[in-house]
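Subject: Structure handover

Dear colleague,

I am passing on the structure below, followed by notes on what was found in it. Please read the notes with the structure open beside them.

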Amino acid sequence: MEFLGFSLRNQLFVAPMAGVTDRPFRQLCKKMGAALAVSEMVTSNSLLYGSMKTLRRANHEGEVAPIVVQIAGANPSMMADAARYNVDRGAQIIDINMGCPAKKICNVMAGSALLRDESLVQQILEAVVHAVPDTPVTLKIRTGWDKDHRNALNILKIAEQSGIRALAMHGRTRACGYGGQAEYDTIRSVKAQASIPVIANGDIGSPEKARQVLDITHADAVMIGRAAQGRPWLFREIEHFLKTGTHLLPPRVSEIHQVLLEHLEDLYLFYGIETGLGIGRKHISWYTRGLVGSAAFRGQVNQLPTVDRQRQAVNAFFSALGEHHERLPYLAAEPDTTNPGHASLEDLAA
């Protein structure tokens, strides 16, 4: 896929998620099949540029291109400064957040709260585009503020006129949060009138759903968020399905054991031991949710006080799991691995 001057391996993007899409997670998702990954939101408040959190979010050392940084705020001139700041530190695409539904973001009139003020939307978009004229600027939105105020088509036109190069759209209003069903018909309507690429986001958690959303919306790409937490290999599963119409087998226990250990080491190195330990807990929980025998393990691992104990617990859990199962055994129904339409990674490599 050609996207904003970059040749991408596929049309699968990682959605920006606060506290999740840090550099270790973005790199892992790209390694496991994602073509593009958007950073966590970076504040437009220059007073916070020196904070450890902002410095980490602006850290792209060793990251595979394209490097996409999402900025958030409600002041046009501060947003312009934030765009320049991040481009100077390696950002190759700037994404503007007008989709976050979190109260702490909306309460300061940022994120999806901006959708209520189309004049301010235009001011912000124009300021950012003009601030970094040699860098593509994209926009992430929702379908509107609430069901009575869906204005995605208006925002699309403002975006196009302001020089925005692509639009990602979560198929819910801000009021919907993450409840209910994603509005793929609204995304389809926006795509039908768009002269820029449109990326569909919302409720995409399986290869079949990715195919369905692409077919319904005619979007240029899909953006996957929560479903990839603890399952970064979802991208290669979707990539394979879109190419072949068949499913990969669930990954081997031994492979995901190693993937998780390496992910934890990256977190310890990136955040430092104390913070990395805490962040590692939630990733371990995500990696193991739904697996046979994981409920008690997740409760225990959250109490462990050191990284050594955390490593030992992960090793013990996956070693025990591997004694009885070659591939990840989920309690919920998984694709039928007896179907001859399934392929393994080993088959693909042969």
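Strand β8 (residues 166-170; strands are DSSP runs of E with at least two residues, helices runs of H or I with at least four, both numbered from the N terminus) is mostly covered, since five of its five residues are buried, that is, under 20% relative accessible area with a 1.4 Å probe and protein chains only. Ala 166, Ala 168 and His 170 point one way from β8, while Leu 167 and Met 169 point the other way.

This is a predicted model, in which local features need pLDDT of at least 70 and side-chain atom pairs count only at pLDDT 80 or more, whereas totals for chains, interfaces and linings use all residues. Residues are numbered from 1 along each chain as its sequence is written, and side-chain values use heavy atoms, with hydrogens and water left out.

On one side, β8 pairs with strand β7 (residues 137-142) in the parallel sense over five bridges, where pairing requires that DSSP finds at least two bridges between the strands; here Leu 167 is the bridge partner of Leu 139. β8 also pairs with strand β9 (residues 198-201), again in the parallel sense, over four bridges, and in that pairing Leu 167 stands opposite Val 198.

Helices connect to this picture as follows. β7, helix α6 (residues 152-162) and β8 make a right-handed β-α-β unit, meaning that, with the strands pointing away from the viewer, the path from the first strand over the helix to the second runs clockwise. A right-handed β-α-β unit is likewise made by β8, helix α7 (residues 184-193) and β9.

Kind regards

Note on methods
Buried means under 20% relative accessible area, exposed over 50%, partly exposed in between (1.4 Å probe, protein chains only).
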